[in-house]
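Subject: Structure for you to look over

Dear colleague,

I am passing on the structure below, together with notes on what was found in it. Could you please read the notes with the structure open beside them?

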Amino acid sequence: MVPPEYYLLLSAAVFCIGLFGILTRRNALLFLMSVELMLNAANINLVAFSYVWGNITGQTFGLFTMALAAAEVAVGIGIILVLYRSFDGVDVTDATTMRW
Amino acid sequence: MTPDALALQTETVAAWTALAPAILLGLTGLALLGVDTLWPDDPSNAVLAGVAAAGSILSFAVTGWFLVAGTGQASTGGAIALYGDALVVDGMSLFFTLIFTVVTAMVVVAAYDYLDDHSHRAEFYSLTLFAATGMAVMATANSLATVFISLELASLPSYALVAFLKTDRGSVEAGLKYFLIGAVSSAVLAFGISLVYAVTGSLVLGDVAAAIGTPEMAGVLGLGVLMILGGFAFKTASVPFHFWAPEAYEGAPAPISAFLSSASKAAGFAVAFRVFVQAFPLEAVPAGVDWVIAFQVLAVVTMTLGNFAAATQENVKRMLAYSSIGHAGYALIGLAALTAGGPNGDVLGASMAHLLVYGFMNTGAFLFIALVEHWGVGRTFEDYNGLASTAPIAAVAMTVFMFSLAGLPPFGGFLSKYVLFYSAIEAGFWWLAAVGAVNSALSLFYYSRVVKAMWIETPVADFEIESRPVGLYTAVLFAGVGTLLLLPGFGPVIETAQTVAATLF
């Protein structure tokens with residue numbers, strides 16, 4: 001059996017890749033993909049430790065996380081669409097009508 | 001059926017009805033979509049606003065009745081746990097639901113005029129009600145799973161509502177920034193929850209608390225707690241996830257700014273209080289996971305940053321946005337001044353009472369901005385010059401909100417701040433109270449600028465205020481009367497808040 005610490009390392013790596021994407025990408029769609037990576041890092045933990053602890057709480061919550069991620073993307077794509085119409089692009093740094 | 005089974009069944013029905021406030025809000029949201037489907041061409045704004053207001057007022061009335069009748073409180077047998085402890089209805093959840101429902105009612109009544117010449121009104125009202133449902137569930141969430149789901153239920157409609165003015169670049173930008181920071185912070189929250197699950201093997205708050213005493217991986221637990229704290233900081237607009245707040249409040253339709261800065265913030269505090277007090281009790285957490293210090297730093301930084309930034313603003317709505325961050329800092333004292341075995345119920349209850357008073361005065365202030373936007377008056381302090389001569393009643397209400405937010409004596413905000421700082425001193429954190437008092441004094445500077453502009457300065461341009469919008473006036477005056485009545489009525493409020501807060505420990 002793979003020691004549980006390894007799962008933590010894997011999920012931390014995936015989370016950091018997502019975080020790196022958020023900090024460096026300016027395209028709103030790539031930003032959304034990076035957020036998905038971070039959420040899936042949480043899912044790796046939940047499923048792995050569901051196995052370690054021998055209960056299905058983590059797996060069930062993992063399913064909820066996936067459904068919520070999908071809902072979040074649905075709302076997000078809608079907002080990115082109006083961003084595209086208003087600012088002629090999906091670069092998140094273009095929208096600066098207000099002081100940041 | 002045996003008598004035992006029958007008794008069990010009636011008991012189940014009775015327990016389930018304790019969620020009535022949240023269910024009513026959700027049903028009202030669905031009913032609004034139903035009205036929109038039945039009259040797709042021209043759903044009357046009055047009907048939609050009426051249904052939304054009736055639903056939220058009904059929910060408010062039921063919550064108030066439960067709170068008075070003692071549902072889920074010590075007098076009737078304690079907290080009602082539902083669905084395997086995933087949700088719990090107790091005095092604290094009812095107290096917070098009271099805040100959400102009254103703010104929702106004021107916001108939808110005000111939105112009646114604000115949305116006069118907009119399309120997609122039914123969506124606006126129903127999204128508001130769905131977000132309020134999420135908040136009501138947040139107050140009852142007793143498992144990290146329901147915390148996450150209800151937080152998302154409150155957040156997702158809010159993103160759409162902030163970006164509601166699709167052709168307005170400010171609104172779209174505000175919606176984008178709110179969404180981006182919200183998405184990141186919810187991912188951080190989910191990861192934090194997964195780490196806590198990794199260490200404890202459970203998501204129910206009570207079981208987490210039982211399992212954290214002897215952890216094998218205290219470092220992982222500490223990181224998880226810190227990340228959960230980050231997720232809540234976003235919802236309450238506290239440092240370090242506060243960057244969205246000035247943008248979102250400035251760009252959003254003003255009733256939505258009112259909704260987010262009052263109800264959504266209170267909802268964030270509701271989950272933060274319950275999760276940190278019940279899942280990570282100070283007596284049980286390992287030495288390295290002392291989250292009170294994190295909250296002390298956050299409280300001081302949040303109130304200082306919010307108040308200093310507010311003092312430098314020229315735009316009134318943006319000033320209120322930063323003042324809202326400052327008030328999040330005051331409310332954080334409720335968690336920052338906790339000690340193992342101290343008078344914790346007092347300070348937590350004082351923070352809850354402050355959030356209730358804040359729900360009235362801050363909602364009222366933002367709705368006054370909505371009224372001014374409705375008239376087409378500009379957004380800066382100068383544009384408000386001489387407003388009192390043309391709209392004296394609204395200006396009186398705004399003056400009440402400003403002085404109450406600053407914490408001046410004859411208004412509700414004075415007592416709630418006073419009791420909050422006093423209870424922090426009682427708990428031994430005099431320096432938290434001192435920082436709060438200094439910030440409060442500073443805040444008087446920028447709040448009084450609004451009052452000075454309205455009453456003393458001479459107008460730079462002629463106002464053409466033709467309309468007296470009924471809904472906006474009703475909501476603003478209701479908030480004003482509420483702020484005033486909370487001065488004599490503060491005794492029962494603080495008593496209730498401190499009693500229900502004490503049962504959490």
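The notes that follow take up confidence, the two chains and the contact between them.

This is a predicted model, in which local features need pLDDT of at least 70, side-chain atom pairs count only at pLDDT 80 or more, and totals for chains, interfaces and linings use all residues. Residues are numbered from 1 along each chain as its sequence is written, while chains are lettered from A and ligands numbered from 1 in the order in which they are written.

Confidence

The predictor gives the complex an ipTM of 0.95 and a pTM of 0.93. For chain B the mean pLDDT (the predictor's confidence in each residue, from 0 to 100) is 89, and 96% of the residues of chain B reach 70 or more. Within chain B, confidence is highest in H6(B), at a mean of 95, and lowest in helix H1 (residues 3-16) of chain B, at 54. Please treat the start of that chain with care: over residues 1-10 of chain B pLDDT stays under 50, and the model has one contact beyond four places in sequence for them. Two residues are in contact here if their C-beta atoms, placed from the backbone, lie within 7 Å.

Chain B

Chain B has 20 helices and two strands, where helices (H or I, at least four residues) and strands (E, at least two) are DSSP runs, numbered from the N terminus. Its radius of gyration, taken over C-alpha atoms, is 22 Å, close to the 23 Å that the globule rule (2.2 Å times the number of residues to the power 0.38) gives for 505 residues, so chain B is as compact as a globular protein of that length. Of the 505 residues in chain B, 63% are buried; a residue is buried if 20 or more other C-beta atoms lie within 10 Å of its own, exposed if 12 or fewer, and partly exposed in between, with C-beta atoms placed from the backbone.

The largest nonpolar core, a set of buried Ala, Val, Leu, Ile, Met, Phe, Trp, Tyr and Cys residues joined through C-beta atoms within 7 Å, has 237 residues, of which Met106(B), Ala110(B), Ile333(B), Leu367(B) and Phe368(B) touch the most other members. Leaving aside residues up to four places away in sequence, Met106(B) touches Thr363(B), Leu367(B), Ala475(B), Phe478(B) and Ala479(B).

Ile80(B) belongs to strand E1 (residues 80-82) of chain B and is buried, with 21 other C-beta atoms within 10 Å. Beyond four places in sequence, the residues that Ile80(B) touches are Ala15(B), Ala18(B), Gly72(B), Val88(B) and Val89(B).

Chain A

Chain A consists of three helices and zero strands. The radius of gyration of chain A is 17 Å, well over the 13 Å that the globule rule gives for 100 residues, so chain A is more spread out than a compact globule. Buried residues account for 39% of the 100 residues in chain A.

The contact

The contact draws 33 residues from chain A and 32 residues from chain B. On the side of chain B that touches chain A, the elements giving two or more residues are helix H6 (144-162), helix H7 (169-200) and helix H10 (244-251) of chain B, and the largest share, 17 residues, comes from H7(B). The residues on that side of chain B divide into 20 nonpolar, six polar and six charged, where Ala, Val, Leu, Ile, Met, Phe, Trp, Tyr, Cys and Pro count as nonpolar, Asp, Glu, Lys and Arg as charged, and the others, Gly among them, as polar.

With best wishes
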